[in-house]
Amino acid sequence: MADMDSLTEALSAISVSTELVEQELKPHLDTLLAVLLEKKKGAAEEIASSGILPILAQSLRVKSPLTNQVALVVAEMAREAAVRDPCIDAGLVTVLVPLLNSADEELLLHTGRAIGRICFDNTAQQDQLVQCGVIPRLVAIMRENLENDPLVNVCLLALCNLADMDTTREALVEVGVAEVLTAQLKRATDAERRHIILEVLGSLGESDVLKLQFVESGVPEALSKMIRGLQGGSDPHDLCSIKIASNLIVSLLLGDESMQKCFGEGTGVVYRDVLSWLQSSNTQLQLSGALAIANFARNDSNCVKMLELGVVPHILTLLEQHVDEGDVSVQHAGLSALRNLAIPASNKVRMLEDGVTERIRTLLRSDMPPVQFKLLGTLRMMVDGQEEAAALLGKDEVLLARIIEWCEARDHAGVRGEANRLLAALIRHSRAPEVINAVTKADGVRHLISMATSEHLIMQNEALVALAIASAIDIASMQESFREAELLPTLQKMLDDPVGTVEFKFSALGLICSLANSSLMKEEMESLNLKETLNKLSGHSSTNVATQADTVLAMLSETS
């Protein structure tokens, strides 16, 4: 065993050495190495402060029998954060980088460790490494030494530290890193190696170009295979690998091209595995499966194909598992997937025939705003353009009561907005007297009137159209509610607003046109002197608005 006195003597001998002679320096380097490997407290700091670092740097400039040993000494010394800046100042990084071109695997291992430790958490040094061309060399070393696990680990750790830099990602685009990482992923048997590779893939996958390269090189398939091999166990490290890998697959599916390649017209290995995740007992896989399906459902052709392949029942079963005391994230993701799948018109009809609306109604009892928000959006998508579905849901007293409750959600503007939009959608798409009566009975009219004054143009128009349809179909049952809610004064005020949008004015005039069929509402228009407002609008720059204003004026001029 070496002691600190031996270290002091060795440092003194090295510092007065005039020539870098192997026989002269090797015993002293052995002493340094022994002390460092024994992790003697303060040893690295004493070496750094002794003044020998420039001598070590000089010895690394020319390949010699000492090169490997000196590189190892530097690597062990650099474990201590306090000595890293002195190593940089002594020029050690500058002389170490060229050694990465060596064919000596042992030297590559020591050099990689030394550089990695010295430059750890040092952005400026890391940037210089990338500028010096380290990235292509790291990939080449991994490709040339595929089965040298310690050396590959060093390169992976280096990439992991550099992966967040844009310059790194740019450099990696040209060097085939995807194939190298895929090969290593397939070989990774221990959790530590898996996690390093997954972290590198996660960081680099933020680049759209690399994301596509990963998919073309089979990374998603390799990740799926890894997950299959780890499923069913309870080891925390394996469960962590499953979580990271499944999240990574979901991330890779965000790119349109990469998503389509993984889908493979519904026959892709990744898509089939994702489908099995929905039926897994692992909550993380259930979540990733639902998110992945939502990503696959980003175009109509995929949505139609997935429906044909029977994905919907799996999502519904998953949602039902999590209704009571379930995972909110899984419910949210499952509803997102259903909503996306319901976008094509043909899918809506098929999903309604399969009883989707009845099955997701079980989620009405959820107290979680994120689930409520997604449920409302999914139901709104389901009734879009579907008269029968809108009529069916619009007459459901339990559903309407819950929608009205959510229209008053003070603590969640998103839920409140979606509830109002669904209420309007039920009237707009059903155009059914029974639905209008049910909404009126549930006290929904006041919410539609409030929605008409929303700051969001889409919500304004949806509310005005719904109110106009309801007025045209059954003005008698609604006129009292309109008077109590001061609908006409509200509309007049907004029509008089010089900055009001053309879309709003046109829709508002359409509603007033319907209201004018009621003698009671017509009397209120007279008392408000609405004709003055309409006269101004008849000269509006928008032909549609002007024509609509003239139509209402003509109706008001008729004898009641």
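The following exchange between a trainee and a mentor goes through a predicted model, from its overall dimensions to single residues.

Trainee: What should be kept in mind about how the values were obtained?
Mentor: This is a predicted model, in which local features need pLDDT of at least 70 and side-chain atom pairs count only at pLDDT 80 or more, while totals for chains, interfaces and linings use all residues. Residues are numbered from 1 along each chain as its sequence is written, and side-chain values use heavy atoms, with hydrogens and water left out.

Trainee: How many helices and how many strands are there in the protein?
Mentor: Helices (H or I, at least four residues) and strands (E, at least two) are taken as DSSP runs and numbered from the N terminus. Counted in that way, the protein has 37 helices and zero strands.

Trainee: What is the radius of gyration of the protein, set beside that of a compact globule of 560 residues?
Mentor: The radius of gyration is taken over C-alpha atoms, and the globule rule is 2.2 Å times the number of residues to the power 0.38. Along its principal axes the C-alpha trace spans about 120 × 50 × 40 Å. A compact globule of 560 residues would come near 24 Å, whereas the protein has 35 Å.

Trainee: Which percentage of the residues of the protein count as buried?
Mentor: Buried means under 20% relative accessible area, exposed means over 50%, and partly exposed lies in between (1.4 Å probe, protein chains only). Of the 560 residues, the part that counts as buried is 55%.

Trainee: Which percentage of the contacts between residues at least 6 apart in sequence join residues at least 24 apart?
Mentor: A contact means heavy atoms within 4.5 Å. Among the contacts between residues at least 6 apart in sequence, those joining residues at least 24 apart make up 71%.

Trainee: Are helices α17 and α20 roughly parallel or roughly antiparallel to each other?
Mentor: Axes are lines fitted to C-alpha atoms, for helices over the stretch in contact, and angles run from 0 to 180 degrees between N-to-C directions; angles under 35 degrees count as roughly parallel, over 145 as roughly antiparallel, 65 to 115 as roughly perpendicular and the rest as oblique. Helix α17 (residues 236-252) packs against helix α20 (residues 283-296) at an angle of about 5°, with their axes 9 Å apart. The two helices are therefore roughly parallel.

Trainee: Which residues make the contact between α17 and α20?
Mentor: With Ala, Val, Leu, Ile, Met, Phe, Trp, Tyr, Cys and Pro taken as nonpolar, Asp, Glu, Lys and Arg as charged, and the others, Gly among them, as polar, the residues of this contact divide into five nonpolar, five polar and one charged. From α20 come Gln284, Leu285, Ser288, Leu291, Ala292 and Asn295, and from α17 come Ile242, Lys243, Ser246, Asn247 and Val250.

Trainee: What covers the buried residues of helix α19?
Mentor: In α19 (residues 269-277) the buried residues are Val270, Tyr271, Asp273, Val274, Leu275 and Trp277. Their cover includes α16 (219-230), α17, α18 (256-263), α20, α21 (300-308) and α22 (311-321).

Trainee: Is Glu265 buried or exposed?
Mentor: Glu265 is found in the loop between α18 and α19. Leaving aside neighbours within four places in sequence, Glu265 is in contact with Gln260 and Lys305, and its C-alpha atom is separated by 7.3 Å from that of Lys305, 40 residues apart along the chain. With a relative accessible area of 53%, Glu265 is exposed.

Trainee: Is Gln372 buried or exposed?
Mentor: Gln372 has its place in helix α26 (residues 369-383). Not counting residues up to four places away in sequence, Gln372 touches Ser366, Asp367, Arg402, Trp406 and Val415. Its relative accessible area is 8%, so Gln372 is buried.

Trainee: Which residues does Val73 touch, not counting those up to four places away in sequence?
Mentor: Val73 is found in helix α5 (residues 67-77) and counts as buried at 0% relative accessibility. Its C-alpha atom is separated by 75 Å from that of Val499, 426 residues apart along the chain. The residues that Val73 touches are Leu29, Leu32, Leu33 and Leu36.

Trainee: How many disulfides does a search of the whole structure find?
Mentor: A disulfide is a pair of cysteine sulfur atoms within 2.5 Å. The number found in the whole structure is zero. For Cys160, which is in no disulfide, the nearest cysteine sulfur is 13 Å away and is that of Cys155.
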